[in-house]
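Here are a few exercises to work through with the model open in your viewer. Try each task before you read the solution under it.

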Amino acid sequence: MMIVNLAGLILIGLIIWWFWIKKPQSLKASSDVVEIIVENGVYTPSRIEVKLGQAVKLSFLRKDPSPCAEKVIFDKLNLSFDLPMNKTILVDFKPEQAGEYAFTCQMKMYVGSLSVSD
Ligand SMILES: [Cu+2]
């Protein structure tokens with residue numbers, strides 16, 4: 001009984017760490033292109049910050065052979081891009097409103113966030 005409780009506590013601790021404590025790698029974008037690696041279930045960096053009015057220039061390099069990773073989707077912006085393996089894909093757009101825009105793979109296992117601030 002104790003062991004089960006302990007395992008449960010560790011699991012809860014891990015979940016809290018994963019969702020609330022672990023800081024995503026964040027990157028403030030300048031006018032330069034931000035390079036994002038798609039590998040092992042994560043985008044690196046997974047959080048990009050831009051200013052409103054600034055063109056977002058991202059380059060995606062997909063190293064993950066999982067077919068699920070073959071697209072990156074910006075749901076709220078109605079944008080999606082094909083990501084062939086081991087090829088750098090340049091993406092360039094300008095969000096018209098400030099906010100948090102998630103970008104994900106098709107099954108939302110890869111999750112990244114684009115933060116557009118005023
Ligand atoms: Cu996926």
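**Exercise 1. Work out which residues form the aromatic cluster, and sort two of its pairs by geometry.**

Solution. This is a predicted model, so treat the geometry below as computed.

Step 1: collect the members. One aromatic cluster is made up of Tyr43, Phe60, Phe74, Phe81, Phe93, Phe103 and Tyr110. The structure as a whole holds eight aromatic pairs.

Step 2: take Tyr43 and Tyr110. Their ring centres sit 5.2 Å apart with the planes at 55°, so this pair is tilted. To count as edge-to-face, the planes would have to be over 60 degrees apart.

Step 3: place these two along the chain. Tyr43 belongs to strand 3, while Tyr110 is in the loop between strand 9 and strand 10; the two are 67 residues apart, so to speak a link between distant parts of the chain.

Step 4: now try Phe74 and Phe81. Here you get 6.2 Å from centre to centre and 80° between the planes, and the pair is edge-to-face.

Step 5: check burial. Tyr43 has a relative accessible area of 3% and is buried. Tyr110, at 1% relative accessibility, counts as buried too. Phe74 is buried with a relative accessible area of 1%, whereas Phe81 comes out at 21% and is partly exposed. The cut-off for buried is under 20%, which explains the label on Phe81.

**Exercise 2. Find the protein donors of the copper ion and say where they sit in the chain.**

Solution. Step 1: look around the metal. The protein donors are the SG atoms of Cys68 and Cys105, lying 1.8 to 2.1 Å from the copper ion.

Step 2: locate them. Cys68 is in the loop between strand 5 (56–62) and strand 6 (71–74), and Cys105 is in the loop between strand 9 (99–104) and strand 10 (111–117). With their positions 37 residues apart, the pair links distant parts of the chain.

Step 3: buried or exposed? Both Cys68 and Cys105 are buried.

**Exercise 3. Lay out the four-stranded open sheet and pick out its edges.**

Solution. Step 1: write down the order. It goes 3-2-5-8, with mixed pairing.

Step 2: spot the edges. Strand 3 (42–44) and strand 8 (88–93) each have a single partner strand, so one side of each is left without a neighbour in the sheet.

Step 3: add the twist, which averages 25° from one strand to the next.

Step 4: zoom in on one pairing. Strand 2 (residues 34–39) runs antiparallel to strand 3, and three bridges connect them. Opposite Ile37 you'll find Thr44 in strand 3.

**Exercise 4. Trace the pairings of strand 9 with strand 6 and strand 10.**

Solution. Step 1: start with strand 6. It is antiparallel to strand 9, and two bridges join them. Ile73 has Thr104 in strand 9 as its bridge partner.

Step 2: move to strand 10. This pairing with strand 9 is antiparallel as well, over six bridges, and Gly99 faces Val116 in strand 10.

Step 3: inspect the turn. Strand 9 and strand 10 make a hairpin with six residues between them, and Lys108 in the turn has a positive phi of about 60°.

**Exercise 5. Describe the overall make-up of the protein chain.**

Solution. Step 1: count the elements: one helix and ten strands.

Step 2: check burial and surface. Of the 118 residues, 31% count as buried. The chain exposes about 7800 Å², and carbon and sulfur atoms supply 61% of that.

How values were computed
Residues are numbered from 1 along each chain as its sequence is written. This is a predicted model: local features need pLDDT of at least 70, side-chain atom pairs count only at pLDDT 80 or more; totals for chains, interfaces and linings use all residues. Side-chain values use heavy atoms; hydrogens and water are left out. Donors are N, O and S atoms within 2.8 Å of the metal (3.2 Å for Na, K and Ca); water is not among the atoms, so sites may look incomplete. Buried means under 20% relative accessible area, exposed over 50%, partly exposed in between (1.4 Å probe, protein chains only). Accessible areas come from the Shrake-Rupley method with a 1.4 Å probe; for residues, only the protein chains shown count as cover. Two strands pair if DSSP finds at least two bridges between them. Axes are lines fitted to C-alpha atoms, for helices over the stretch in contact, and angles run from 0 to 180 degrees between N-to-C directions. Rings of Phe, Tyr and Trp (its six-membered ring) pair if their centres lie within 6.5 Å; planes under 30 degrees apart count as stacked, over 60 as edge-to-face and the rest as tilted.
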